[in-house]
Amino acid sequence: MTVPRQPSSPDLPGPPGPGDGERRPPEDRRHMLRRRWLTATIIVLLIGVPAVYLLISANQSRNSGRDKEKKYSATGLTAGWPSKVQRRLYDVPIPPYSEEVAYYETNNWRTSRLYVQFLTSNEGLDKFLKQTGTGRGVSALKADDITISKRDRNVVGWEFTGPGPWWGLSHEMKNPTPTQDIVVNRSNPRHPMVYVVSTTTP
């Protein structure tokens, strides 16, 4: 006796599997536009803000340079550092990190002069004086000794009449080694202003 076969039962739904979750509804236009606007804003800020900062810094630096050039052009001084060759030739070792540096050079068939000014620290001044050959640093300076001649002061418009105290020294050497006349304004106890005239006769 043969038992009749039962028809196969249809698949019954089971528990949802990992891939059977509900699909997210499509993004509406308003949400899409808002997301794109937010993305664009972030990109602009990441790129634009540093660019604007660099532009402002460059303009400030350029304007500062123009102000210095205008300030010194009336006196003949050039804002900036003398070349390494000039500093070595005239034996004027400007300390690193000095500010308000300016210079002027004159030459004729008999005498050459380099006029230099710079703002430095007390340590920088001491090192500068030792490197010029005085060997004693700031102790070589004498109070109220304006060693730069009136003629040389007139060449570059230096007027040593402001608040002091003023200190100076002359470091005379035999030709062709340069001779330096140095005047220091110590109205700022931490940052002396140094004026130098270095003269060489071949």
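**Entry 1: a hairpin to start from**

I began with the hairpin that joins S2 to S3 through 4 residues, and I noted at once that I am reading a predicted model. I then looked up how these two strands lie against each other, and found that S2 and S3 pair in the antiparallel sense over 7 bridges. To have one example to point at, I took Tyr 103, whose bridge partner in S3 is Val 116.

**Entry 2: the whole chain**

Next I stepped back and listed the elements of the protein chain, which has 4 helices and 7 strands. Read along the sequence, they follow the pattern α-β-α-β-β-α-β-α-β-β-β. I also looked up how much of the chain is covered, and of its 202 residues 30% count as buried. The exposed surface comes to about 14600 Å², and carbon and sulfur atoms supply 56% of it. As for contacts between residues at least 6 apart in sequence, 50% of them join residues at least 24 apart.

**Entry 3: the order of the sheet**

In what order do the 7 strands stand in the sheet? I traced them as S1-S2-S3-S7-S6-S5-S4, an open sheet with antiparallel pairing. Strand S1 (78-79) and strand S4 (142-143) stand at the edges with a single partner strand each, so one side of each is left without a neighbour in the sheet. I reminded myself that strands of a sheet pair through backbone hydrogen bonds, either parallel or antiparallel.

I then went through several of the pairings in turn. S1 and S2 pair in the antiparallel sense over 2 bridges, and Ala 79 has Ala 102 in S2 as its bridge partner. S3 is joined to S7 by 8 bridges, and these two strands run antiparallel; here Tyr 115 has Val 197 in S7 as its bridge partner. On the other side of S7 in the strand order comes S6, and 7 bridges join S6 (residues 179-185) to S7 (residues 193-200), again running antiparallel. For this pairing I noted two positions: Thr 179 stands opposite Thr 199 in S7, and Asn 185 has Met 193 in S7 as its bridge partner.

**Entry 4: strand S7**

Having met S7 twice, I asked how many of its residues are buried. The count is 8 of its 8 residues, and S7 is mostly covered. In a regular strand the side chains alternate between the two faces of the sheet, and I wanted to see the directions in S7 for myself. Met 193, Tyr 195, Val 197 and Thr 199 point one way, while Val 194, Val 196, Ser 198 and Thr 200 point the other way, and all are buried.

**Entry 5: two nonpolar cores**

Which residues have the most contacts inside the largest nonpolar core? They are Val 92, Phe 118, Phe 128, Ile 182 and Val 194, in a core of 18 residues. Strand S2 (99-107), strand S3 (112-119), helix H3 (122-131), S6 and S7 each supply at least two residues of this core. I followed Phe 128 more closely: leaving aside residues up to four places away in sequence, Phe 128 touches Val 92, Pro 93, Pro 95, Phe 118, Ile 182, Val 194 and Val 196. Apart from this core lies another one, of 13 residues, among them Leu 77, Ile 148, Trp 158 and Phe 160.

**Entry 6: aromatic rings**

Finally I searched the whole structure for aromatic pairs, and 8 were found. One of them is the tilted pair of Tyr 104 and Tyr 115, at 6.1 Å centre to centre with 45 degrees between the planes. This pair links distant parts of the chain, with Tyr 104 in strand S2 and Tyr 115 in strand S3, 11 residues apart.

Are these two tyrosines buried or exposed? Tyr 104, at 28% relative accessibility, counts as partly exposed, whereas Tyr 115 is buried, with a relative accessible area of 0%. The cut-off I needed for this step is that buried means under 20%.

I looked up Phe 160 and Trp 166 as well, which form a tilted pair at 5.1 Å centre to centre with 45 degrees between the planes. Both partners are under the cut-off for buried: Phe 160 has a relative accessible area of 10%, and Trp 166 has one of 9%. I closed the entry with the wider picture, in which ring pairs link Tyr 104, Tyr 115, Trp 158, Phe 160, Trp 166 and Tyr 195 into a cluster.

Terms used. Residues are numbered from 1 along each chain as its sequence is written. This is a predicted model: local features need pLDDT of at least 70, side-chain atom pairs count only at pLDDT 80 or more; totals for chains, interfaces and linings use all residues. Side-chain values use heavy atoms; hydrogens and water are left out. Two strands pair if DSSP finds at least two bridges between them. A nonpolar core is a set of buried Ala, Val, Leu, Ile, Met, Phe, Trp, Tyr and Cys residues joined through side-chain atoms within 4.5 Å. Buried means under 20% relative accessible area, exposed over 50%, partly exposed in between (1.4 Å probe, protein chains only). Contact means heavy atoms within 4.5 Å. Accessible areas come from the Shrake-Rupley method with a 1.4 Å probe; for residues, only the protein chains shown count as cover. Rings of Phe, Tyr and Trp (its six-membered ring) pair if their centres lie within 6.5 Å; planes under 30 degrees apart count as stacked, over 60 as edge-to-face and the rest as tilted.
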